[in-house]
Amino acid sequence: MYNKFQDFLRQELAQIEADGLYKNERIIESPQGAEIIVKGKKCLNFCANNYLGLADNPELIEAAKKGMDARGFGMSSVRFICGCQDLHKQLEEKISEFFGTEDTILYAACFDANGGVFEPLLGPEDAIISDALNHASIIDGVRLCKAQRFRYANADMADLEAQLQAAKDCRFRLIVTDGVFSMDGNVCPLDKIYELAQKYDAMVMVDESHSAGVVGVTGRGVTERFNLRGEIEILTGTLGKAFGGAMGGFTTGKKEIIDMLRQRSRPYLFSNSMAPGLVAAGIRMFEMMSETNELQDKLHANTEYFIKEMVAKGFDCKPSESAICAVMLYDAPLSQKFAARMQDEGIFVTGFYYPVVPKGQARIRVQISAAHEKEHLDKCINAFVKIGQELGVIK
């Protein structure tokens, strides 16, 4: 049987490559940072989620080492069987304090958090109303739940209201949105979503993966941005982006919701607890976030400068309130060619194309970091101009 299946896979893979959609992984030979080494050469990294530049932070590395020295390398079990360490509870408390929520539950990743949040809470008589551009992990989590499904166009409040009206006879209604939509960089209109939730007696869930550490004056995400700290029922997020760039996810929010997830959320019940070193580094990271706003301030200044300069140079960039700048190219092969030429110029970026984004919406997603200096930003902008002119993207 496998010979037939092998032939099928080879044909499918060949077609993916012929369509210009094949994904090749590049190898980094250094710590993650503003500068990395690829194929023995230094590059400036503009495609990592390392928004605050903490992925190679010495304080976090030292905290992880101390955590392993004090509590070991791994947990070797799930929490309902072997319990957890004091470090895990400390990190959960730090996350709750940071977001102004009542309680927090840790997961191996935010994909697990989103995959495990819907099914334990909602049933066939309930409704999930989801933004059309929500992350794949939210989509997969919704698929695992028996609740009725409604979808509204990205950040379209008229459509959201129409879907809420369509779901009016359901027992419980949950509106679900990304805080920052990772492909476009736009921030969800949480203030308007909250108003509609109040009007139609619905709850709200926000995935803060690309907004926590980035959006808001102190980086506390979209609830800070819209003065709604503590008002949103469910927040999910990751430690794998702005918060050090390692592993680990979380759901934080109302106490009873978190308690029910501890009882019934399958990714939590059947996956190992986070490793002690990662937990210890996470604790130190949230302490650092409360000690200074220096990194957030620098990130915001870097992003504003970069987007303003790119638009001035003639590039088609989507509006953004985050650290993401989507440079639109529209053609999938062109996005790959553009990214490859940028690497020749010492700039590490990635072309995004179907199925990661809709067909005909290919782009290069530039991600800004607090680790970038102005000379890094200028080198990246100059490389974009050079390659953009060579490939006919700008004049």
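This report describes two small sheets, one helix and the nonpolar cores of the structure shown above, which is a predicted model.

**Two sheets of three strands**

Strands of a sheet pair through backbone hydrogen bonds, and the pairing may be either parallel or antiparallel. One open sheet in this model has three strands in the order β1-β2-β11, and its pairing is mixed. Because β1 (35-38) and β11 (347-348) each have a single partner strand, they stand at the edges, and one side of each is left without a neighbour in the sheet. Strand β2, which covers residues 41-45, pairs with β1 in the antiparallel sense over four bridges, whereas β2 and β11 run parallel and are joined by two bridges. Leucine 44 in β2 is the bridge partner of glutamate 35, and leucine 44 also stands opposite isoleucine 347 in β11. Between β1 and β2 there are two residues, so that the two strands form a hairpin, and in its turn lysine 39 has a positive phi of about 55 degrees.

Another open sheet of three strands follows the order β10-β13-β12, here with antiparallel pairing. Its edge strands are β10 (324-330) and β12 (351-352), each of which pairs on one side only. Although β10 is an edge strand, it is mostly covered, with six of its seven residues buried. In the pairing of β10 with β13, tyrosine 330 stands opposite alanine 362, while on the β12 side glycine 351 stands opposite isoleucine 364 of β13.

The strand pairs of both sheets are set out below.

| Strand pair | Direction | Bridges |
|---|---|---|
| β1 and β2 | antiparallel | four bridges |
| β2 and β11 | parallel | two bridges |
| β10 and β13 | antiparallel | six bridges |
| β12 and β13 | antiparallel | two bridges |

**Helix α8**

Helix α8 spans residues 190-199, and its buried residues are Leu190, Ile193, Tyr194, Leu196 and Ala197. These residues lie on the same side of α8, because they cover an arc of only 165 degrees around the axis. The face turned away from this buried side carries the exposed residues Glu195 and Lys199. What do the buried residues of α8 pack against? Their partners are the strands β5 (148-152), β6 (173-178) and β7 (203-207), together with the helices α7 (157-166) and α9 (222-225). After α8 comes aspartate 201, whose phi is positive, near 55 degrees.

In the loop between β6 and α8 lies serine 182. Is this residue buried or exposed? With a relative accessible area of 11%, serine 182 falls under the 20% that defines a buried residue, and therefore counts as buried. Not counting residues up to four places away in sequence, serine 182 touches His210, Ile324 and Arg365.

**The nonpolar cores**

The largest nonpolar core has 85 residues, and those with the most contacts inside it are Leu190, Phe243, Phe306 and Phe384. Helix α12, residues 276-291, gives the most to this core, with eight residues. Leu190 also belongs to the buried residues of α8. If its neighbours within four places in sequence are left aside, phenylalanine 306 is in contact with Cys325, Val366, Ile368, Leu377, Cys380, Ile381 and Phe384. A second core, separate from the largest one, has 20 residues, including Leu122, Ala147, Ile234 and Tyr268.

Key. Residues are numbered from 1 along each chain as its sequence is written. This is a predicted model: local features need pLDDT of at least 70, side-chain atom pairs count only at pLDDT 80 or more; totals for chains, interfaces and linings use all residues. Side-chain values use heavy atoms; hydrogens and water are left out. Buried means under 20% relative accessible area, exposed over 50%, partly exposed in between (1.4 Å probe, protein chains only). The arc is that of the directions from the helix axis to the C-beta atoms. Contact means heavy atoms within 4.5 Å. Two strands pair if DSSP finds at least two bridges between them. A nonpolar core is a set of buried Ala, Val, Leu, Ile, Met, Phe, Trp, Tyr and Cys residues joined through side-chain atoms within 4.5 Å.
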